[in-house]
Amino acid sequence: MAVGGGAQRLRTRRLSLLLVPVLLVGGVVLGEDPSSSSGGGERDLYASKLSGIIIPGFASTQLRAWSVLDCPYSPLDFNPLDSVWLDTTRVLSAVNCWLKCMMLDPYNQTDHPECKSRPDSGLSAITELDPGYITGPLSSVWKEWLKWCIEFGIEPNAIIAVPYDWRLSASKLEERDLYFHKLKLTFETALKLRGGPSLVFAHSMGNNVFRYFLEWLKLEIAPKQYIQWLDEHIHAYFAVGAPLLGSTESVKATLFGFTFGLPVAEGTARLLYNSFGSSLWLMPFSKHCKADNLYWKHFFAEGEGRRHAYHCDEIEFQTNYSGWPTEIINIELPSIRGSDAYPSISDVAPDMTSSMECGRPIQLSFSAREVSDGTFFKAIEDYDPDSKRLLYQLRKYYQDDPVLNPLTPWERPPLKNIFCIYGIDLRTEVGYYFAPSGKPYPDNWIITDVIYEHEGALFSRSGNSVSGNPGAVTGDGTVPYNSLSWCKTWLGSKVNITRAPQAEHDGSDVQISLNVEHHQGEDILPNMTRTPRVKYITYYEDSESIPGRRTAVWELDKANHRNLVRSQVLMRELWLEMWHDIHPDATSKFVTKARRGPLRNADCYWDYGKARCAWPEYCEYRYAFGDVHLGQSCRLKNSSTELLLSYL
């Protein structure tokens with residue numbers, strides 16, 4: 001059944017949607033094909049041409065070889081366009097060749113002389129990193145999201161992937177690949193093609209990429225035209241799992257190694273990770289320390305090599321932990337210094353461990369500020385060879401970056417609509433204890449203990465309670481809560497809070513608090529109840545503090561950082577919010593949370609207790625050849641117009 005007048009009005013409001021992640025995802029109808037059979041003729045309602053641009057995040061884009069590399073003792077040589085990231089077969093059989101194609105020079109970020117890799121292009125570069133019957137599902141990133149788009153009848157040319165080399169720092173991305181120039185052209189092309197502004201959707205480090213792009217854009221556009229350009233090209237920005245104050249896991253990867261689940265040793269993973277200029281992009285930093293804005297200095301200051309002056313508020317030195325729950329690093333330094341602290345394999349003597357134990361170790365602790373400003377790396381410079389390389393990267397690619405020092409807190413960007421989305425209430429690492437391992441570099445450190453935040457408390461890996469400043473809520477399993485929730489500082493003084501179940505519901509368990517007072521720079525927590533074993537999504541919404549601007553924060557219970565981009569709940573909420581935004585009859589500032597019903601056939605299921613399809617007002621039993629159980633035969637009714645209109 002076609003919807004005549006409403007569809008005609010919608011066609012006059014052509015909106016293009018740009019989705020920007022590092023992990024970037026969404027469940028929005030983009031450029032839908034009106035002939036799609038899914039959902040019936042009412043699909044004409046969404047015939048507005050919408051487009052999506054996906055910018056993947058850290059380790060979420062395929063890299064392909066751009067060299068011919070002969071691998072001794074292995075039948076798997078590297079030829080141009082062979083998969084490098086990720087090909088687990090080559091990792092297992094020719095790891096040394098694979099490392100040559102993956103690693104970069106830590107000082108100038110150039111490729112290995114024998115092999116170079118470049119990011120793949122197109123949607124296939126971000127759906128599955130290692131396609132295959134077994135490896136495909138294990139390495140899936142955006143595949144489920146694309147399935148949602150196809151199920152809603154989105155045209156193939158409505159989604160554009162813009163991958164990038166996630167190994168590089170921001171300045172190198174522009175210097176080598178002109179990445180931000182290309183991204184600007186992508187926005188402008190989408191505007192010309194679709195006739196409306198775009199939606200930016202970023203996940204994890206993709207938010208760091210987008211932040212740098214906004215700062216870089218200031219130097220490319222006349223100051224008076226900057227806000228105008230943003231309003232014309234960007235309708236909304238969805239920040240999903242954004243590490244706005246960094247992530248402690250990057251510290252573990254730098255000192256110990258993070259294997260990404262690959263069959264490689266931690267030491268090998270450490271060598272690989274520390275060769276990337278982007279390795280410091282996710283380092284934790286203090287919310288009280290800022291760098292001066294070099295924007296005007298580009299016009300009035302002379303000479304090169306200008307550095308962002310780094311200064312901290314007094315509260316940074318009056319309080320502990322730099323606004324984090326605890327000290328990020330607690331490290332035991334050996335009594336010996338220099339090269340003897342990290343000997344080569346040939347220099348390792350049998351009595352090395354015992355000789356180190358005879359000395360008195362030094363116990364030091366470092367806050368987030370001392371990590372991001374280089375104090376920590378200077379302190380271990382005589383004990384670890386990687387510290388010199390990391391200090392060089394920190395100064396060259398971050399502190400001396402001509403556009404932005406990314407290791408500083410982010411104020412609300414001047415965009416019309418911002419949605420900050422993340423998971424909460426999972427056990428998350430917030431601090432580490434390191435000690436010398438007695439082994440040669442790169443395995444010269446071991447993790448002796450880990451500090452977690454969970455259920456409003458801090459505890460060690462052994463289960464002992466740890467003192468500190470735990471928050472009332474915890475992070476998403478990867479990024480701590482204080483980093484994820486920094487976007488709450490973007491909310492105004494009066495906030496509307498709604499808590500609703502994540503699953504489909506009839507509204508009986510929805511709680512609403514209007515005009516809750518929010519103090520600038522502080523967290524805001526709802527005074528609401530929770531039903532045991534029910535996962536909720538809590539919405540913080542502000543549409544009044546900045547005229548013509550909307551800011552919202554969504555907290556999803558038990559939503560894992562890496563799986564958030566595949567969350568069915570997130571896709572549903574994004575789809576409804578965008579459908580609400582483009583509908584001319586929408587009366588509220590945000591989509592209603594009063595109820596949630598099925599949107600797809602897959603959302604319908606069989607209720608064995610009542611011997612019928614659940615949600616009978618939306619679903620019905622309709623058998624189709626090939627159904628193997630009752631739930632598969634539960635499908636949406638021919639018309640879901642009333643359901644969709646109820647969300648206005």
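Select C634 as the starting point of the tour: with a relative accessible area of 1%, this cysteine is buried, a word that here means under 20% relative accessible area, with exposed meaning over 50% and partly exposed in between, using a 1.4 Å probe and protein chains only. Keep in mind that this is a predicted model, in which local features need pLDDT of at least 70 and side-chain atom pairs count only at pLDDT 80 or more, while totals for chains, interfaces and linings use all residues. Residues are numbered from 1 along each chain as its sequence is written, and side-chain values use heavy atoms, with hydrogens and water left out.

Next, add C613 to the selection, and the partner of C634 appears: the two form a disulfide with their sulfur atoms 2.1 Å apart, a disulfide being a pair of cysteine sulfur atoms within 2.5 Å. The torsion about the S-S bond is -90 degrees, and the link of C613 and C634 is left-handed. Colouring by secondary structure shows C613 in strand β21 (residues 612-613) and C634 in strand β23 (residues 634-636), so the pair ties together parts that are 21 residues apart in sequence; helices (H or I, at least four residues) and strands (E, at least two) are DSSP runs numbered from the N terminus. C613 also counts as buried, at 6% relative accessibility.

Move now to C420 and C487, which are joined by a disulfide with an S to S distance of 2.1 Å. This link of C420 and C487 is left-handed, with -80 degrees about the S-S bond. Because C420 lies in strand β12 (residues 417-424) and C487 in the loop between α19 (481-484) and β16 (494-501), the pair ties together parts that are 67 residues apart in sequence. C420 is buried at a relative accessible area of 1%, and C487 counts as buried at 1% relative accessibility.

For the next stop, select C71 and C97, where a disulfide has its sulfurs 2.3 Å apart. The pair links distant parts of the chain, 26 residues apart, with C71 in the loop between β2 (63-65) and β3 (83-85) and C97 in helix α3 (residues 95-102). The torsion about the S-S bond of C71 and C97 is about -135 degrees, so this disulfide is left-handed. Both C71 and C97 are buried.

Finally, select every bonded cysteine, and ask how many disulfides the count comes to. By the distance rule the count comes to six, and when the bonded cysteines of the protein are numbered in sequence order, the pairing reads 1-2, 3-4, 5-6, 7-8, 9-11, 10-12.
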